[in-house]
Each structure stands twice: as structure tokens, then as C-alpha cells.
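Reader: I've got a structure open and a pile of terms I'd like to see justified. Can we go through them one at a time?

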Amino acid sequence: MFTRLTSRPFTRAFTAPRQGFVSLRGYATKRYTKDHEWISVTDGIGTFGISDFAQKALGDVVYIELPEVGKSFAKKENISAVESVKAASDIYAPVSGEVVAVNSSLGEEPSLINSSPEGEAWIAKIKLSNPAELDHLLDEAAYAKHCDE
């Protein structure tokens, strides 16, 4: 199957990808706000919620107010609220856009925020109106540093 092109012995069947190789897989990248919201965007739709750091600070979550589907929000506008045994806290839109779905399971089981804040306990999905706003959010390393301060 492979032919030797030089007098050197054949040692590799495959070559490593060249530098600058770009994967075409569509992985979503998670971004964070300084107010402890996260967002993960795929195909112009952002799924967002509160970070693990935020849920730990809140304690046991007992209620969450979900945004209305079809309503538009500006970046940093109050989009939701969460209540815990310790405190109540507003949740702000990480980007501008229109809410296209909400996680109705949080209405029945708000404690999901404590068990899976950056997974099953996403709050809503928002259709981004200005994708450039993502550039102003923190990546995972910058967010971790922010939380350590």
C-alpha cells in the first residue's frame, strides 16, 4: 500500500497534521461574564445559565424565575432571578438576543442548579443578535482567575 520514495527505510505510515490545522468539528466554546453567568453558543444560539462558582455562593436553590420565550433582552439586562436559602440574585443576559427556549425542568426542580449548574441546569437559549458581544466575555482560564481574586 505504501511505497518507499527514498533509499531511507520506511518508518511512518502517517504524517502529523501541519501546524495551523483547523478542525472542522463544531465544538461550542463556553464563555463567562464577571457576574458568573456562562454561555455556550452553537449555530447562533446561546445556551446560558449560572456558573458552578455562583451556585456554590448561593447555596441550596429553591426557586428560579425563567425568562419569557420570544422576549428580547439587551446584554447585561436582568433576564431571570434565582432564590436560595441564603439569598436572591438577579441573572443578567450574557449577550443581546431573543429567548427561543427555556429549561422548564428548573421550574419543577430548581435544585438542578446545585447539582448540574453548567450542564442540565441551563436556564434558557437565546438567539444572538450581536455575536461580536461574545468577544468581550471571559474564556475559562480568565474566568477562573477572576473567581480567585
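Author: Sure, let's start with P110, which touches V61, V62, Y63 and I64, leaving aside residues up to four places away in sequence. P110 itself lies in the loop between α2 (105-108) and α3. Keep in mind that this is a predicted model.

Reader: Why is P110 called buried?

Author: Buried means under 20% relative accessible area. P110 comes in at 12%, so it counts as buried.

Reader: How far apart are P110 and D60, in sequence and in space?

Author: They are 50 residues apart in sequence, and their C-alpha atoms are 9.0 Å apart in space.

Reader: On to T47, then. What makes T47 buried?

Author: Same cut-off: under 20%. T47 has a relative accessible area of 14%, so it is buried. T47 lies in strand β3, and it touches W38, I39, S40, W122, A124 and K125, again not counting residues up to four places away in sequence.

Reader: What makes the pair T47 and K125 a polar contact?

Author: The distance cut-off for a pair of N or O atoms is 3.5 Å. The side chains of T47 and K125 make their polar contact at 3.1 Å, so the pair falls within that limit.

Reader: Now the strands. How do you know that β1 and β2 pair?

Author: Pairing takes at least two bridges. β1 and β2 (residues 37-42) have 3, in the antiparallel sense, so they pair. Among the bridge partners, R31 goes with I39 and K30 with S40. The two strands form a hairpin with 4 residues between them, and H36 in the turn has a positive phi of about 80°.

Reader: And what joins β2 to β3?

Author: There are 6 bridges, with the strands running antiparallel. I39 has F48 as its bridge partner in β3. This is a hairpin too, with 2 residues between the strands, and D43 takes a positive phi near 55°.

Reader: What makes β2 "largely enclosed"?

Author: Of its 6 residues, 5 are buried, so β2 is largely enclosed by the rest of the structure.

Reader: Which strands make up the open sheet, and in what order?

Author: The sheet has 6 strands in the order β1-β2-β3-β9-β8-β5, with antiparallel pairing.

Reader: Why are β1 and β5 called edge strands?

Author: β1 (30-32) and β5 (72-73) each pair on one side only, and that earns them the name.

Reader: β6 isn't in that order. What does β6 pair with?

Author: β6 pairs with β4 over 4 bridges, in the antiparallel sense, and E65 has A81 as its bridge partner there. On top of that, 5 bridges join β6 to strand β7 (residues 88-92), also antiparallel, with S80 standing opposite I91. β6 and β7 form a hairpin with 3 residues between them.

Reader: What makes β6 largely enclosed?

Author: 5 of the 7 residues of β6 are buried, so the rest of the structure largely encloses this strand.

Reader: Which residues have the most contacts inside the largest nonpolar core?

Author: That core has 25 residues, and I39, I79, I113 and I123 have the most contacts inside it. β2, β3 (45-50), α1 (52-58), β4 (61-65), β6 (78-84), α3 (112-115) and β9 (124-128) each supply at least two of the core's residues. β9 gives the largest share, 3 residues.

Reader: What does I123 touch?

Author: Beyond residues up to four places away in sequence, its contacts include F48, I50, I64, L66, I91, V102 and L106. There is also a second, separate core of 6 residues, which includes W38, W122, L138 and C147.

Reader: How many helices and strands does the protein have?

Author: 4 helices and 9 strands. Of its 149 residues, 36% count as buried.

Reader: Last one: which stretch has a pLDDT below 50?

Author: The protein averages a pLDDT of 85, and 81% of the residues score at least 70. Residues 1-26 are the stretch below 50, with 4 contacts in the model beyond near neighbours in sequence. Where pLDDT is low, the predicted coordinates should not be read in detail.

Key:
Residues numbered from 1 in each chain as written. Heavy atoms only, no water. Core = buried A, V, L, I, M, F, W, Y, C linked by side-chain atoms within 4.5 Å. Buried < 20%, exposed > 50% of the residue type's maximum accessible area, 1.4 Å probe, protein only. Contact = heavy atoms within 4.5 Å. pLDDT = per-residue confidence, 0-100. Polar contact = N/O pair within 3.5 Å; in protein donor to acceptor, adjacent residues only side chain to side chain.
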